Amino acid sequence: MAALRDTKPAGDFGRHGDDAVDLATRHLIQPWPVAGSAGAEARALIGEGDGIHITDGDGKRLIDGPAGMWCINVGHRREELARVMYEQAMQLSYNTPWYTMNAPSAELARRIADHAPGDLSHVFYTTGGSSAVETALRFMQFTNNVRGRREKKLILSRGGAYHGSTYLSASLNGRPRDRDWMDGADGLVVKLTAPNPFRRPTGISRETFADFLVEEFRQTVEEIGAERIGAFVGEPIQASGGVIVPPDGYLKRIREICRANDILYISDEVVTAFGRLGHVFASGEVFGLDPDMITFAKGVTSGYFPLGGVVISGRLLEELRRSNHPDAMFAHGLTYTSHPVGCAVALKNLDLLEDGILAHAREVAPYFQARLKTLEGLPLVGEVRGMGLMACVECVADRDSNNPLELDNAVGKRIDRHCHELGLLVRPLINMCVMSPPLIITREQIDTMVAILREGISRTMDDLRKEGVWDG
Ligand SMILES: Cc1ncc(COP(=O)(O)O)c(C=O)c1O
């Protein structure tokens, strides 16, 4: 096999940088566009990646603060992963999962089941996170139909949630602005309060807030009736909602209410699985949960190939096999379900995680959190929160009221612009900056990352003062 770097595919694309930006503004629709620039938008061109760094179209090297979209867990340019994709494609690039199968998908399912908590023993593969959530929900609908509980279909979700961009998964989303201009399957979804301690009512403790959330959940089940509720879907840590770490013990209490009412607990680990919190799955190891299903994507291949999936309880499958409707079909499957190249790269990615990267992530995480926490000394910063290698810096106009709204809502983008100049890509989210670098980041690199972020926020504070929109 020729050395992979000899072919330089990414480098070739990178060299046509000017053309690419020009072409994009004429032909490319980027995700999450606004109407005023849809189909005509130039975003920062990225030409190369290496370790925790990426290089932009001007040749500027940046720390990849969000690790792509929470996914480049083992870092960019891992030759082992590139090689295994090449080798698998040369051996078998694809087979129909409708009536054939391949070995990498079966082997990966076994290894995922070994890591999964409780009785989660079977894997259904998808192409990413949205299709994983969609699959879990359609499976809930199917099993309830087969079991003769056609009314038990409502889905409980929460403010601050992000579960995807397909119709049903997007209907669960609870972040501000996501649904302003979009339709959804509202009749199927019931939204509960965001478990965000930073935005809890003033004067109540975190414990009291947790009690409120649990009581709200319990009452909702009582009012609607458990016979109408099929599932609860929740991220252990709400990621794109701003790295919302829920109050201690709250998730376990919700799990128990679900169990008592035969409501399936779907833990959406699209972000938290495969190392972000130092374990393959966080539900069991970090939160003491045994969900009925776990959805995953992103870090399963470290973003090298689009793959996701759902790990499903063996008990649920056993119940299906024993039902009175052996011919009832789960009419659900994607062309790329169980893709051999995706599963092969996921196996190698899992080797890398198990062979040291998970341990490294656990070891370096407290340092990462502690260093970022020092940013709370800046007057614009209301809170720095997080767990493992995911964190959020939330800016506020006024630290007494924690009010984000008086402040220019694009403050995250302002910070990102300064940080880009200084060598760091930030994930701006309205008034927040989310940080979730590749798990291989070292202490020294964390120092650099935090120093740049500090300077980026300081420059933003100067701008806001000069413009007269903030006097903190
Ligand atoms: C928790 C969670 N679930 C689902 C999704 C959707 O995944 P995808 O974009 O791969 O469809 C995301 C994406 O960020 C996510 O954060």
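This is a short dialogue on the cavities of a predicted model.

Trainee: How many cavities of 30 Å³ or more does the structure hold?

Mentor: The structure holds two.

Trainee: Why is the space lined by T143 and N144 called a cavity?

Mentor: A cavity is a set of points where a 1.4 Å probe fits but cannot get out. The largest cavity holds about 50 Å³ of space. Its lining includes T143, N144, R147, R149 and K152. G230, D262, L264, L316 and E319 also line the largest cavity.

Trainee: What makes D262 a lining residue?

Mentor: A lining residue has an atom within 4 Å of a point. D262 is listed in the lining of the largest cavity, so D262 has such an atom.

Trainee: Which helices each supply at least two residues of that lining?

Mentor: α7 (129–146) and α12 (314–321) do, for the largest cavity.

Trainee: How does the lining of the largest cavity divide by class?

Mentor: Into two nonpolar, three polar and five charged residues.

Trainee: Why does G230 count as polar?

Mentor: Gly is placed among the polar residues, so G230 counts there.

Trainee: What is the volume of the second largest cavity?

Mentor: About 40 Å³. R158, L192, T193, L213, E216, F217, Y250 and I254 line the second largest cavity.

Trainee: Which helix gives the most to that lining?

Mentor: α9 does, with three residues. α9 (206–224) and α10 (250–260) each supply at least two.

Trainee: What is the make-up of the second lining by class?

Mentor: Five nonpolar, one polar and two charged residues. Tyr counts as nonpolar, so Y250 belongs with the nonpolar residues.

Notes:
Residues numbered from 1 in each chain as written. Predicted model: local features only at pLDDT ≥ 70, side-chain atom pairs only at ≥ 80, totals over all residues. Heavy atoms only, no water. 1 Å grid on protein atoms, 1.4 Å probe; cavity = no way out; pocket = protein on both sides within 12 Å on 5 of 7 lines; lining within 4 Å. Points joined across faces, edges and corners; volume = space filled by probe spheres on them. Helix = DSSP H or I, 4+ residues; strand = E, 2+ residues; numbered from the N terminus.
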